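Here is a briefing on one protein model. Read it alongside the sequence and the 3D view.

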Amino acid sequence: MDERGVSNRGLTSDRSRVPRSTESVGSRFFVSSVGEPRVRRPVDAFAVAVGAAVVVIAAGRAIRFDQFEAEIVDVAAALPLWTSQVAWAAYTLAALYAFGLLVVVLIKRRFDIALDLLVATVGVVALEILLVRVVEDAWPRLVPEFDRAVVVAQFPVFRVAVVAVVIAVAAPYLVRPWRRLGWVVLAAVVFSGLIIGVGLPSHVVGAVGVGLSVAGAVLVAFGSPRGYPDVAAVDSALRSLGISVTDLRLAPEQSWGVRLLVAERLDGTPLAVKAYGRDAADSQLAAKAWRYLWYRDTGASLSLSRIGGVEHEALVTLMAGRAGATTPSILAAAVAGQDDALLVVDQRGVSLASLDLAAVSDSVLVDAWRDVRLLHDASISHGRLTTENVRVEDGDPIIANFEAGSLAAPPSRMAKDVVEFLFSLATLVGVERAVRVAIDGYGLDGPVEVLPYLQLPAISVTTRKQADDPKMILSTLRQEITVQTGVEIPEPAEVRRVQVRNVLMAALTLLAGYAVIAALAGIDWAAVWHEVQAASWAWFVVAFGVGQLRLIPEATGMMAAVSLPIPMRPTVAVQAAGKFIGLAVPGIAGQVTMNAVYLRRFGVGPTEAVTQGTLDAVSGFMVELVILALAFLVMDLSLDVDTADGNLLLIVGVVVAVVLLGILVVLAVKSIRDRVVPVVRDAAKAFALVFREPSRVIALLGSNLASRLILAMALWLTLRGFDVSIGLGSVLVVTVGANLLAGMVPVPGGVGIAEAVISIGLVAFGVPETIAFAAAVVYRVLTFYIPPIYGWFALKWLKGNSYA
């Protein structure tokens with residue numbers, strides 16, 4: 001141990017050196033004991049939505065036996081005889097596995113799990129019977145093994161759906177080896193079903209969708225265990241590490257993704273133990289990655305493994321101590337017991353949050369700020385610097401819990417440390433004292449440089465809850481910093497108000513655009529309405545749901561376009577609000593201002609906040625050009641547009657003329673050129689900065705590609721509603737071309753232009769003219785005209801939470 005109290009005793013990640021618990025890994029079957037609290041996980045609700053979408057899409061493909069499925073059937077028929085025999089064995093064993101799983105649950109007297117499995121099985125059987133009756137007009141074949149000579153393909157495959165629902169419902173309760181075996185069994189029953197011919201690809205995929213959706217619904221209704229290690233398991237793991245403790249118990253406050261415990265060594269030293277369970281659902285990489293994106297800097301750092309997270313916190317703690325700050329001693333950082341990762345540190349002192357700070361001298365708080373400055377001078381950020389994570393022992397501060405810490409941290413992360421600690425301290429000692437000790441300990445530059453970050457979104461949700469009125473504290477902090485430093489408060493930008501006349505103007509533009517298109521193209525509105533009435537509106541519902549998924553890649557694109565980390569949840573809301581702003585406010589000024597205000601809340605610089613939209617738009621333009629170029633090179637685009645149809649060509653000619661006129665105006669008019677050229681120059685600089693980070697380039701371009709694919713899928717589903725099916729690649733060309741041309745015309749939202757281009761493109765790919773226009777209108781309603789409705793609510797939410 002060095003003079004700062006830092007020790008690496010017992011610090012190891014070499015699993016071969018750590019003795020295992022006497023309880024074998026295979027002796028455990030369930031991750032939780034009877035009566036453990038259950039939680040409802042968002043991933044289960046997501047499984048319901050995804051499963052339902054898969055069923056609908058697979059049903060559409062099952063009705064139409066296409067060339068792809070025919071080729072799969074031919075490949076399966078050409079396989080050697082022994083593969084069929086193996087497939088039948090796997091198909092039967094999968095059913096036995098599902099039945100055996102239920103038997104084990106009953107033998108282990110886990111009637112809580114048995115109830116979940118029973119409800120899920122009944123639900124999937126009922127849904128299977130309904131779907132087979134509707135699609136096939138038959139009854140499900142339960143045991144095809146009894147009549148192998150006559151194998152009939154059915155949608156959905158009964159066996160696959162039952163096995164899928166049993167495995168999916170049981171998965172949260174099983175330890176990881178058995179959980180993984182279950183997914184292997186599911187894969188086996190899917191592929192074996194294809195080989196023996198009980199289902200086509202759409203049949204087995206649809207069956208998996210049925211199982212996942214029903215399983216998700218059951219887990220949402222009843223909840224599922226987190227799978228954290230219990231106290232006995234942690235005690236056994238500590239003994240295997242050679243650490244004897246007494247009074248091991250759960251900590252009063254628990255954190256996401258880890259089980260927190262406290263104990264005492266035999267000599268009375270208090271200890272804090274973090275246990276990352278191998279079988280915890282929150283410990284899985286997908287769950288951690290989603291939470292990291294959704295909340296960004298409000299949770300633990302993203303690591304690829306449990307031991308990786310433990311080693312990360314241990315390393316940051318050691319480096320913080322080496323930088324001069326007082327940190328806890330590390331007793332162990334290793335994998336032990338049932339492959340649970342443990343971090344054991346001493347827990348000296350008492351947290352600032354639990355002290356009567358009126359009795360704590362300023363010198364203690366100043367010393368705490370000096371330690372923070374030492375961390376930042378070494379480019380180390382804490383990530384969660386609150387009064388709860390600063391402890392005091394004999395008048396000396398100790399900075400603990402570096403779970404979200406970073407080495408080589410950018411200035412933005414260190415600025416958020418200052419903001420978080422300043423706000424947390426102000427809620428306990430008052431604003432004036434908090435600012436004064438921060439200046440004395442950290443220096444004048446600390447509070448001054450974080451003025452742009454003193455916004456509600458920059459404060460974690462947990463820290464906000466310390467204050468009755470966090471907005472008032474932030475406002476008072478900004479004023480007090482200006483008083484004590486003499487620096488003026490930067491003026492915040494405001495979102496432009498949406499006026500009723502703007503909405504009316506957008507509606508009139510829409511009506512005028514449709515009237516002009518119908519007149520030029522000779523569209524019979526009565527025939528269009530007849531096609532819409534005769535269509536299958538269920539496909540429109542699915543198309544609407546799929547179309548709204550583009551908010552996610554649009555959000556990730558915005559996140560990649562700025563250098564500072566921002567959370568996904570409010571960023572998705574910003575994209576939704578943008579649908580309302582873009583329709584109700586003329587031009588792009590409203591959305592650009594809203595995005596800039598939102599990004600400024602997280603400390604993004606004014607230039608970067610404004611150029612973000614340009615950067616994202618240019619990236620999308622590049623993606624669209626590449627898609628069209630590849631389409632003309634790879635696809636057989638025989639666009640048989642009748643050149644004698646002057647009305648249709650007139651629309652395209654008007655679009656091209658408007659674009660060329662806009663370019664000429666920019667080049668000829670100095671006042672306009674002076675406004676446009678700087679934006680282009682700033683965007684070029686922003687691109688240069690982004691291309692220095694390949695991960696951001698991939699995220700930016702990939703997000704734009706994903707949003708285009710989602711919109712193409714929405715149009716493809718809309719066409720299915722009219723009983724029209726063309727290739728997804730052809731639909732992608734149509735949607736990309738429409739977006740490209742509509743974006744070049746100075747009409748809000750491309751009203752009228754997009755519908756015209758989509759109609760022309762669909763007709764060129766063989767869709768009847770009336771259906772093409774009807775599909776274009778329905779598609780635009782689903783993806784452009786309905787979203788502003790929920791966009792208005794998203795804007796209200798953003799304003800209510802100080803994001804806009």
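Helix H4 (residues 111-136) gives the most to a nonpolar patch on the surface, with three residues. The patch is formed by Ile63, Leu130, Val134 and Val135. Keep in mind that this is a predicted model.

**Nonpolar surface patch**

- Together, the four side chains Ile63, Leu130, Val134 and Val135 have about 390 Å² of accessible area.
- Ile63 belongs to helix H1 (residues 42-63).
- Ile63 counts as exposed because its relative accessibility is 67%, and exposed means over 50%.

**Salt bridges**

- The structure holds 17 salt bridges.
- Arg110 pairs with Asp112, and their closest N and O atoms are 3.0 Å apart.
- Arg110 is buried, at 4% relative accessibility. Asp112 is partly exposed, at 24%.
- Arg373 pairs with Asp377, with 3.1 Å between the closest N and O atoms.
- Both Arg373 and Asp377 sit in helix H11 (residues 362-377), four residues apart, or about one turn of the helix.
- An α-helix has 3.6 residues a turn, so residues three or four places apart point the same way.
- Arg373 is partly exposed, at 24% relative accessibility. Asp377 is exposed, at 54%.
- Arg436 and Glu432 form another salt bridge, at 3.1 Å from N to O.
- This pair lies in helix H13 (residues 431-442), and here too the spacing of Arg436 and Glu432 is four residues, about one turn of the helix.
- Arg436 has a relative accessible area of 28% and is partly exposed. Glu432 is also partly exposed, at 39%.
- A network of salt bridges links Lys274, Glu313, Arg384 and Glu403.

**Hairpin of E8 and E9**

- Strands E8 (residues 390-393) and E9 (residues 396-399) run antiparallel and are joined by four bridges.
- Arg391 has Ile398 in E9 as its bridge partner.
- Two residues lie between the strands of this hairpin. Asp394 takes a positive phi there, near 55°.

**Helix H6**

- H6 (residues 176-196) has 21 residues.
- At 1.5 Å a residue, H6 should span 30 Å, and its end C-alpha atoms are 30 Å apart, so the two values agree.
- The buried residues of H6 include Arg176 and Arg179.
- Val185, Leu186, Val189, Val190 and Ile196 are also among the buried residues of H6. So are Gly182, Ser192 and Gly193.
- Gly197 follows H6 and has a positive phi, near 90°.

**Helix H28**

- H28 (residues 753-764) has twelve residues.
- Its expected span is 16 Å at 1.5 Å a residue, and the end C-alpha atoms of H28 are 17 Å apart, which agrees.
- H28 is mostly covered, with eleven of its twelve residues buried.
- Glu755 and Ser759 are among the buried residues of H28. Others on that list include Ile753, Val757, Ile758, Ile760 and Leu762.
- Just after H28, Gly766 takes a positive phi of about 100°.

**Helix H30**

- H30 (residues 787-800) has 14 residues.
- From first C-alpha to last, H30 reaches 20 Å, close to the 20 Å expected at 1.5 Å a residue.
- Which residues of H30 are buried? They are Pro787, Pro788, Gly791, Ala794, Leu795 and Leu798.
- These buried residues lie on the same side of H30, because they cover an arc of only 105° around the axis.
- On the other side of H30, Ile789, Phe793 and Lys796 are exposed.
- Ser802 comes just after H30 and takes a positive phi of about 60°.

How values were computed
Residues are numbered from 1 along each chain as its sequence is written. This is a predicted model: local features need pLDDT of at least 70, side-chain atom pairs count only at pLDDT 80 or more; totals for chains, interfaces and linings use all residues. Side-chain values use heavy atoms; hydrogens and water are left out. Two strands pair if DSSP finds at least two bridges between them. Buried means under 20% relative accessible area, exposed over 50%, partly exposed in between (1.4 Å probe, protein chains only). The expected span of a helix is 1.5 Å times one less than its number of residues. The arc is that of the directions from the helix axis to the C-beta atoms. Patches are made of residues with over 30% relative accessible area and no salt bridge: like charges are joined within 9 Å, nonpolar side chains (Val, Leu, Ile, Met, Phe, Trp, Tyr) within 5 Å. Accessible areas come from the Shrake-Rupley method with a 1.4 Å probe; for residues, only the protein chains shown count as cover.
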